[in-house]
Amino acid sequence: MRKALKFAAMAGLLCTSLISTSASAGIDWKQSQGTEIRFLMNRHPFTTYIEPKVAEFEKLTGIKVVIEAFPEDQYRNKLTIELNSGGRVDGYMIMPGQDDLYYSKAGWLQPLDAYIADPKLTDASWDPKDFFASFAKASSVNGEQIGVVINAETSLLAYRKDLFTKFKQKVPTTMKELEQVAKFFYGKEVDGKKLVGITLRGKKAAATSQWVDFLYSFGGSWTNAQGKSNFASPEDIAAFKFYGDLLRKYGPQGGTMLHWAESTSTFMEGKAAMIYDANVFKALYENPKESKVAGEVGYAVIPAGPKGLRLPHVSNWSLSISKTSAPERQKAAWLFIQWATNKENGLGALLAGVPSGRKSAWDSKEYKANDKQPDWTAATMKSFEIGQGQWNPPVINVPEIRDITGQVIVDAIEGKDVAASAKKAAALMDKKMER
Amino acid sequence: MANVILKNLVKRFNSVTAVENLSLEVHDREFAVLVGSSGCGKTTALRMIAGLEPITSGEIFIGDTLVNDMDPKDRDIAMVFQNYALYPHMNVRDNLGFGLKIRKFPKAEIEARVKEAADILGIHDLLERKPKELSGGQRQRVALGRAIVRKPKVFLFDEPLSNLDAKLRVAMRAEISKLHRRLEATIIYVTHDQVEAMTMADRIFIMHKGALQQTGTPMEVYAKPANLFVAGFIGSPSMNFVEATLVREAGAWFIDAGGFKVRSPESFNARLEPHAGRPVIFGVRPEDMSAHKPAAGAGGANTVTTQADVVETLGSEILVHLTCGAHSLVARMEAPEQLLTEGQTLEVDLKMLKTHVFDKETSQTIV
Amino acid sequence: MTAALSAISRFVNRRQRFFFPAPAVAVLFLIIVLPIAFNLYLTFTKWTVGLGQPQFIGFGNFVEAFGDERVWNGVRVMIYFSGASLVLELTLGLMIALYFNRAFRGSEAVQAIYIIPFAATPVAVALIWRIMLNPEVGVINYLLRSVGLPPGLWVSNEHMVIPTLVMVDVWKWTPMITLIVLAGLKSLPPDPYEAARIDGANPLQIFWYITLPLIRPVLIAALMLRSLDNLKEFDLIYTITQGGPGIASETLYLYSYNVSFGYFKAGYGSALMVVVFLVVLVFNVIMNRLRRDSSVV
């Protein structure tokens, strides 16, 4: 038995893919028996899904898991302060796109590659190849994986199928078409309501998360080859301008104060023909109790930019191990992460409404049987494939640079001189950027 | 011309009647004192004259003008309040000048009048001070000054001296009297202190339970009180009252008080006659009694034998509290050479011509 | 044993003035003195939470603040917001207090309803206002439209945002000023009013020459009390606009919060907090002096 294991481990080191299909003996789940680990979690649907199942894991491993969950606003503060003060945190939820560089620089992220590669620690059935590559990349810093995705998101263009049919409009596939369709619908009166063409986030830092898809699709980038801010480049300026004009000309009033809540509610009120926002808001759009447009919504990947680029971003929550924890507990924490992200839980979470980062979950019969919006699933899969993991400025002080970026978006929405604003922001970003 | 006339003035607070059918006339340049115990309605009457209190019914005339519906500011009156009512945030100069400033007097005029008032009242050194930096007497002067500068037709004083100590009160009494002569204005002065009323008034208006009891010069109300209340209110110490009956013996009227019996002067006879045998109240002022040691063979018809209880020495005078049977009496007299001792038996002579007899039922004066 | 105990008790007994306050002093030191001292120390350092140790940089943070556009924007917004809201709250609060001071039928019921905004939780009412002010789905624009008035952009417009926030602040806090001023009015002596009526003052003059000077210390006290909160107004602005649109409603205090807890730049954030603190301090020292000068009793 032991020999067989040893052999399997060696084989695994040589060829992990082979293991994933053949090894069934499994790892020793009891190897960290008696260890107690503490996880800080965002009070997120995934947390709600996994908490009642923790007892199973404790039974399987003999590890005691303490989960402390907080609402998102407080969670980030709480986590940062605990990690900084050296509190006993063994694992936590992280949004790598937001915090990975900062946490990595601060020395709070334990690389996971060694655990994943160790057949004594990682069961073959965990199958890392099953995760979408974009998310594995998104949960990595400098080539080292620092988290395992538990919630996978992207952004999609959602549109009113009924209106598009009624007015014989085609789903836009280019930015140019997007603007034309938005213009077409703006001011149209439907059921006594004046429509807007499209609704988008416009609220400073919050807007950057959706605007970034336009940035990439317009061929722009956060920084140039010299590592300086690229905001003053023609591509970046074009992206700022297009986004701002779209919202100002064809969007709801008060665009600069639209966060996702305001934007989605406008769409759900039936007042907008299109919305570009996170794909997971499908759950809102399709909820007949809250949404007047349930059942009437179609979904598409972001339209292509002038050079044909379609580059939406993907974002995710991951589970990470604290670098400051003790090795024994880190090992136990890895066992927990591994279990929480296995195929069974990936599917379970997806069926509970938490979008999984595992392809197998989406492909499963169980999911497909109950999928009421296959076009959403298709668009989401497509977006996952082409998605960019870097949806935030590649810096340590992400919030500060997002604020600087957001100011240009606000200026663009207000119709101010975008080039001047972008130039000023570029200078400020160069000054404030920490890498 | 600034006389003040009240006609059938009534003030009710809900069900309580504060002033009942008050009619009176204060003559031009007269110093009129409204006096009565607290709650008699005198302050309410004054406040109605001032316009601070709406009237329930009746009429008020100031200098022939009906002022019922006039604002206080249009009545050409000034008022001095019991609590001085100075403006705490203004210095004395501004306190004095405020009424003039409001009435848009020229600056120079205000200054002149303030100076004049300050001279009269001797408060020149206080002009820059705030009220909280003044003593009670100084505040009172400022309050007076504030009334003076306005040169109104009528001054209203609402117990202005009651917050001062006894000595200061005496001094201010004199000063206000002087002021009255100097200003030649009508003054209506409210007080509960009959001494103030007696010493300052041209005429006294005595009120009780919202109604006017008697009007007259100080000497009139002292010598000829209209009723039992006035008799008891005016004079200090108060008049002695004894319940008695009128009896006729040997052609003369006697006042029989049970413990003693005195003969009434003949001049009273005509008025006493209708009350024969009826219960009356016999009144005699302490100053109309003189006590002495029993002298052998004396004991006239108006001498009463008593016992001294307490002897209060006031200096040149003494007050002797006496018991005569069931009655208590107070006598006021010059201090005798030989001290009286308590418990001593004394004979008291009554100046019968100055005594009074009241109807017990109606409280009205018989003689 | 007993000997030792009684020795201890003697020892403590003789030094009561040290021993009895000791726990309180220790707690005070831990929760007040230490954090303030640490904050002052951070003011002179560059430190992002998590990234290394605080580095001493002298007055570097203040130099940076001086050249930071958002600091100046914050000062401007703070002056605009606080100036407008404090003046309005004081004026309206005084006027309404004067109105309530004259008892009328049902005034107690009206007063009770009137103070509800003041009694309500700031974040809760701010959230409700945020929803009501939404230009598309908010009830305020709905009402305006239904009576034929043009809808407004409210907090969604950079020029409208401060007046709108001032309106909400005034709605929320004027009752507090009213309550304070009303208490002050009720304690004023009645006599000077009668004296003034006889002196010939009309109601307006009485208000100007008597009430206002007499109530001034109370007004200043109310202003001080309110300014303590108002100059570092947070709940309301953060909940309704988060400083937006852009930074159009980002007060210095909000910016210092963002720097400290959004960017985790503890050193710079502390320095900005100290600046806010100094502004509040200076304002209150001035007010306190005014109050002492105008006190009459």
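These exercises work through two interfaces in a predicted model.

**Exercise 1. How many residues of chain C and of chain A are in contact, and what area is buried between the two chains?**

Solution.
Step 1. Count the residues: 32 of chain C touch 32 of chain A.
Step 2. Take the area: chain C and chain A bury about 2700 Å² between them. Carbon and sulfur atoms give 49% of this area.
Step 3. Find the top contributors on chain C. C:Leu51, C:Glu136 and C:Phe264 supply 22% of the area that chain C buries against chain A. No other three residues give more.

**Exercise 2. How many salt bridges and polar contacts link chain C and chain A?**

Solution.
Step 1. Count the salt bridges between chain C and chain A: eight.
Step 2. Examine one of them. C:Arg70 pairs with A:Asp403, and their closest N and O atoms are 3.4 Å apart. The cut-off is 4 Å, so the pair qualifies.
Step 3. Add the polar contacts: 12 residue pairs across this interface, with both residues at pLDDT 80 or more.

**Exercise 3. Which elements of chain C give two or more residues to the side that touches chain A?**

Solution.
Step 1. List the elements: strand E1 (45–48), helix H5 (69–101) and helix H14 (252–262) of chain C.
Step 2. Rank them. H14(C) gives the most, with three residues.
Step 3. Sort this side of chain C by class: 14 nonpolar, nine polar and nine charged residues.

**Exercise 4. Where do the domains of chain B lie in the sequence, and what area do they bury between them?**

Solution.
Step 1. Set the bounds. The assignment gives domain 1 (4–230) and domain 2 (240–359) of chain B.
Step 2. Place the domains: their C-alpha centres lie 40 Å apart.
Step 3. Count the contact residues: six from domain 1 of chain B and six from domain 2 of chain B.
Step 4. Take the area. The two domains bury about 540 Å², with 62% of it on carbon and sulfur atoms.
Step 5. Assign the domain 1 share. B:Tyr222, B:Pro225 and B:Leu228 supply 86% of what domain 1 of chain B buries against domain 2, more than any other three residues.

**Exercise 5. What polar links join the two domains of chain B, and which helix gives the most to the domain 1 side?**

Solution.
Step 1. Count the salt bridges between domain 1 and domain 2 of chain B: zero.
Step 2. Count the polar contacts: two residue pairs, both residues at pLDDT 80 or more.
Step 3. Name the helix. Helix H7 (residues 218–223) of chain B gives the most to the domain 1 side, with three residues.
Step 4. Class the residues on that side: five nonpolar, one polar and no charged.

Note on methods:
Residues numbered from 1 in each chain as written. Chains lettered and ligands numbered in written order. Predicted model: local features only at pLDDT ≥ 70, side-chain atom pairs only at ≥ 80, totals over all residues. Heavy atoms only, no water. Contact = heavy atoms within 4.5 Å. Buried area = accessible area lost by both parts, 1.4 Å probe. Salt bridge = Lys/Arg side-chain N within 4 Å of Asp/Glu carboxyl O. Polar contact = N/O pair within 3.5 Å; in protein donor to acceptor, adjacent residues only side chain to side chain. Helix = DSSP H or I, 4+ residues; strand = E, 2+ residues; numbered from the N terminus. Nonpolar A, V, L, I, M, F, W, Y, C, P; charged D, E, K, R; others polar. Domains from an automatic or database assignment.
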